[in-house]
Amino acid sequence: MSPASTSSTASSNNTSSDAPRLLADHPALDLLNTLERALDAPVDRWQTDEDVWQWLERVSLLPNGEMPEHRPQGLLAAATALRESLRKAVSQRKANGDVDVTLLNDYLAADACRALLTPAESGRIRLARVYPTDTPMQCLVPLALSAADLLANGDFSLIRKCESETCSMWFYDRTRAHRRRWCSMALCGNRHKVAAYRKREATATAAANAAGAANANNKSDAA
């Protein structure tokens with residue numbers, strides 16, 4: 001399975017409330033959403049190297065599909081730099097402008113993947129791709145490939161931000177009608193419905209009060 005087609009909800013159960021939400025339907029956009037707006041201030045869900053490792057596991061983009069035995073230091077800094085480079089590139093792509101892919105290409109250049117044949121069950125042979133994990137950039141190659149695939153092959157008419165004014169989440173609209181507006185109907189979508197309902201109720205109440213006052217004035221004038 002290609003990095004771009006990896007489900008962004010993979011292994012998302014049993015996570016803490018501080019863990020990044022996986023709502024984008026594309027792991028590269030879920031990457032952008034690890035930095036989200038909350039109460040008008042940015043909240044970075046990555047604070048340590050371990051946070052990044054756990055997130056890579058959740059989106060099924062660990063190098064070689066498992067935690068490396070030796071984990072190089074500096075993954076947080078490398079992953080954050082990749083995230084912000086992709087954020088800039090996505091914004092440029094959405095604006096139909098020139099896209100700066102210099103740093104993304106540096107991450108792709110760290111791809112030293114090699115093919116390896118290994119024994120499998122029933123006498124079969126399995127062909128695997130083995131990623132070296134000596135450096136943070138090498139550990140992020142599967143994620144960088146997902147980001148590159150998004151930029152090269154993504155339909156940017158379907159790549160959007162949540163319509164809530166207080167939300168910064170990106171998503172890939174894979175709905176049949178392509179009318180998705182919210183990062184999540186349970187979150188921003190529901191808040192919008194509640195706010196719209198309260199606005200209608202307030203408008204109706206104000207109209208009723210105005211009508212009542214007008215009737216009272218009419219009766220007073222008639223008297």
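A salt bridge here is a side-chain nitrogen of Lys or Arg within 4 Å of a carboxyl oxygen of Asp or Glu, and with that in mind the tour of this predicted model can begin at E36 and R21, whose side chains meet in such a bridge at 2.7 Å, N to O. Select both residues and follow the chain between them: E36 sits in strand β1 (residues 35-38) and R21 in the segment before α1, so that the pair, 15 residues apart, links distant parts of the chain. E36 is buried, with a relative accessible area of 4%, whereas R21 is partly exposed at 26%.

**Further salt bridges**

A search of the whole structure finds ten salt bridges, and two others can be selected next. The side chains of D100 and K88 meet at 3.7 Å, N to O; because D100 lies in the loop between α3 and α4 and K88 in helix α3, the pair ties together parts that are twelve residues apart in sequence. D100 is partly exposed at 32% relative accessibility, and K88 is partly exposed with a relative accessible area of 46%.

Now move to E163 and R181, which form a salt bridge at 2.9 Å, N to O. E163 is in the loop between β5 (159-161) and β6, while R181 is in the loop between β6 and α7 (185-222), so this pair ties together parts that are 18 residues apart in sequence. E163 is partly exposed, with a relative accessible area of 45%, and R181 counts as partly exposed at 36%. Then select D44, R83, E84 and R87, which are joined into one network by salt bridges that share partners.

**Helix α2 and the nonpolar cores**

Select helix α2 (residues 49-58), in which D49, V52, W53, W55, L56 and R58 are buried. To see what covers these buried residues, show α1 (27-32), α3 (75-94), α5 (136-139) and α6 (141-153), which are among the covering parts. Just after α2, S60 takes a positive phi of about 60°.

Keep L56 in view and add L140: of the 35 residues in the largest nonpolar core, these two touch the most other members. The elements that give two or more residues to this core are α1, α2, α3, α4 (102-109), α6 and β6 (170-172), and the largest share, seven residues, comes from α3. Setting aside neighbours within four places in sequence, L140 is in contact with L56, L75, A78, A79, L82 and Y107. A second, separate core of six residues includes M169, W182, C183 and C188.

**Q138 in helix α5**

Select Q138, which is placed in helix α5 and counts as buried at 15% relative accessibility. The side chain of Q138 reaches the backbone nitrogen of D134 at 2.9 Å, and, neighbours within four places in sequence left aside, Q138 is in contact with A110, P132 and T133.

**The β3–β4 hairpin**

Next, show strands β3 (residues 114-119) and β4 (residues 125-130), which run antiparallel and are joined by six bridges. Within this pairing, T118 has R126 in β4 as its bridge partner. The two strands form a hairpin with five residues between them, and S122 in the turn has a positive phi of about 60°.

**The cysteines**

Finally, how many disulfides are there? The count comes to zero. C162 is in no disulfide, and the nearest cysteine sulfur, that of C188, is 3.7 Å away, whereas a disulfide would need the two sulfur atoms within 2.5 Å. C162 counts as buried at 6% relative accessibility, while C113 is partly exposed at 21%.

Definitions and conventions:
Residues are numbered from 1 along each chain as its sequence is written. This is a predicted model: local features need pLDDT of at least 70, side-chain atom pairs count only at pLDDT 80 or more; totals for chains, interfaces and linings use all residues. Side-chain values use heavy atoms; hydrogens and water are left out. Two strands pair if DSSP finds at least two bridges between them. Helices (H or I, at least four residues) and strands (E, at least two) are DSSP runs, numbered from the N terminus. Buried means under 20% relative accessible area, exposed over 50%, partly exposed in between (1.4 Å probe, protein chains only). Contact means heavy atoms within 4.5 Å. A polar contact is a pair of N or O atoms within 3.5 Å; within protein, one must be able to donate a hydrogen and the other to accept it, and residues adjacent in sequence count only if both atoms are side-chain atoms. A nonpolar core is a set of buried Ala, Val, Leu, Ile, Met, Phe, Trp, Tyr and Cys residues joined through side-chain atoms within 4.5 Å.
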